[in-house]
Amino acid sequence: MGTKQRKALRKKQVGLAMKRLSASDDRVKPESKAKAVIKTKKKRKPQQEEVREVPKANSSLFFQYNSNLKPPYQLLLDTNFLNMSIQMKLDIFKSAMECLLAKCVPCITDCVMAELEKMGTRHRLALRLAKDPRFKRLTCQHKGIYADDCIHSRVEQHRCYIVCTNDKDLKRRIRKVPGVPIMSVARGMYKVERVPEQIDRVPIKSNWGKDK
């Protein structure tokens with residue numbers, strides 16, 4: 001078989017193979033296929049960059065030092081803290097002053113008052129204590145009466161409060177907010193977590209032996 005016959009046979013084989021291939025095959029229309037891919041790439045919109053919302057640092061914080069915490073200290077009370085103080089027979093004003101060595105102003109939000117009113121007659125003594133005119137009343141502008149969310153959002157906006165609570169879940173949430181101390185009832189007295197340095201360095205003078 002000569003070279004001409006071989007070429008003719010090869011052309012026939014290629015023609016049969018081309019008939020068997022589908023129209024969308026890359027080997028049949030490589031140029032048109034590449035153009036279609038380029039068009040689809042052009043039509044695709046550029047991916048939008050993800051915007052990350054980073055909370056702004058409070059201007060009153062210098063690392064862990066909170067310059068807004070100054071006497072008289074504002075105590076943000078929880079329902080649990082009021083009930084525990086009554087069970088332990090602790091005077092809020094006297095015990096808080098002994099703990100922080102400065103004047104304290106207890107604050108009650110509308111949510112805490114609503115929770116105490118819903119608890120019924122069993123907690124009527126705590127409700128009566130919360131209605132003391134010496135307590136500062138804070139108005140709430142949000143919907144609902146869930147006190148934990150109210151206290152957490154208020155503390156995030158204004159870092160000038162000491163949160164008073166015995167609730168473990170609320171304590172866990174408040175610990176994530178920098179510069180906010182937590183006061184709780186333990187062993188018949190008040191104790192403070194994450195106490196500021198200016199309170200911790202105040203010398204405690206004892207009156208023992210002066211009456212002799």
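Here are some short exercises on the structure above, each with a worked solution.

Before you start, note that this is a predicted model, in which local features need pLDDT of at least 70 and side-chain atom pairs count only at pLDDT 80 or more, while totals for chains, interfaces and linings use all residues. Residues are numbered from 1 along each chain as its sequence is written, and side-chain values use heavy atoms, with hydrogens and water left out.

**Exercise 1. The whole chain**

Task: Find how many helices and strands the protein chain has, and what percentage of its residues count as buried.

Solution:
- Step 1. Helices (H or I, at least four residues) and strands (E, at least two) are DSSP runs, numbered from the N terminus. The protein chain has 9 helices and 8 strands.
- Step 2. Buried means under 20% relative accessible area, exposed means over 50%, and partly exposed is in between (1.4 Å probe, protein chains only). Of the 212 residues in the protein chain, 33% are buried.
- Step 3. Now look at the surface, with areas from the Shrake-Rupley method and a 1.4 Å probe; for residues, only the protein chains shown count as cover. The protein chain exposes about 16300 Å², and 52% of this comes from carbon and sulfur atoms.

**Exercise 2. The sheet**

Task: Work out the order of the strands in the open sheet, and which of them stand at its edges.

Solution:
- Step 1. Two strands pair if DSSP finds at least two bridges between them. Strands of a sheet pair through backbone hydrogen bonds, either parallel or antiparallel.
- Step 2. The 6 strands of this open sheet follow the order 5-4-3-6-7-8, and their pairing is mixed.
- Step 3. Strand 5 (136-138) and strand 8 (189-193) are at the edges; each has a single partner strand, so one side of each is left without a neighbour in the sheet.
- Step 4. Direction ignored, neighbouring strands of the sheet are turned by 35° against each other on average. Axes here are lines fitted to C-alpha atoms, for helices over the stretch in contact, and angles run from 0 to 180 degrees between N-to-C directions.
- Step 5. Zoom in on one pair: strand 3 (residues 73-77) and strand 6 (residues 161-164) run parallel and are joined by 4 bridges. Leu76 has Val163 in strand 6 as its bridge partner.

**Exercise 3. Helices across the sheet**

Task: Identify the strands that helix 3 and helix 4 lie across.

Solution:
- Step 1. Helix 3 (residues 79-87) lies across strand 3, strand 4 (104-109), strand 6, strand 7 (182-186) and strand 8, at about 35° to strand 7.
- Step 2. Helix 4 (residues 92-100) lies across strand 3, strand 4, strand 6, strand 7 and strand 8, and runs at about 45° to strand 8.
- Step 3. Within helix 4, the residues Ile92, Phe93, Ser95, Ala96 and Leu100 are buried. Just after helix 4 comes Leu101, with a positive phi of about 60°.

**Exercise 4. One face of helix 8**

Task: Explain why the buried residues of helix 8 line one face.

Solution:
- Step 1. Leu170, Lys171 and Ile174 are the buried residues in helix 8 (residues 168-175).
- Step 2. Looking down the axis of helix 8, these buried residues fall within an arc of 100° (taken from the directions from the helix axis to the C-beta atoms), so they line one face of the helix.
- Step 3. They pack against helix 7 (147-157), strand 6, strand 7 and strand 8. Contact means heavy atoms within 4.5 Å.
- Step 4. At the N-terminal end of helix 8, Asp167 acts as a cap, with a side-chain oxygen 3.4 Å from the backbone nitrogen of Asp169.

**Exercise 5. Thr109 and Asn166**

Task: Is Thr109 buried or exposed, and which residues does Asn166 contact?

Solution:
- Step 1. Thr109 is in strand 4. Its relative accessible area is 0%, so Thr109 is buried.
- Step 2. Not counting residues up to four places away in sequence, Thr109 touches Leu76, Arg137, Leu138, Cys140, Cys150 and Arg154. The C-alpha atoms of Thr109 and Cys150 are 8.3 Å apart, although 41 residues separate them along the chain.
- Step 3. Asn166 sits in the loop between strand 6 and helix 8. Leaving aside neighbours within four places in sequence, Asn166 is in contact with Asn80, Phe81, Met84, Lys171, Ser184 and Val185.

**Exercise 6. Backbone details in loops**

Task: Locate the cis peptide bond, and decide whether Lys89 is buried or exposed.

Solution:
- Step 1. The cis peptide bond joins Pro71 and Pro72, with omega about 0°. Pro72 is in the loop between strand 2 (65-66) and strand 3.
- Step 2. Lys89 lies in the loop between helix 3 and helix 4. Lys89 is not a glycine, yet has a positive phi of about 55°. Its relative accessibility is 76%, so Lys89 counts as exposed.

Notes
Polar contact = N/O pair within 3.5 Å; in protein donor to acceptor, adjacent residues only side chain to side chain.
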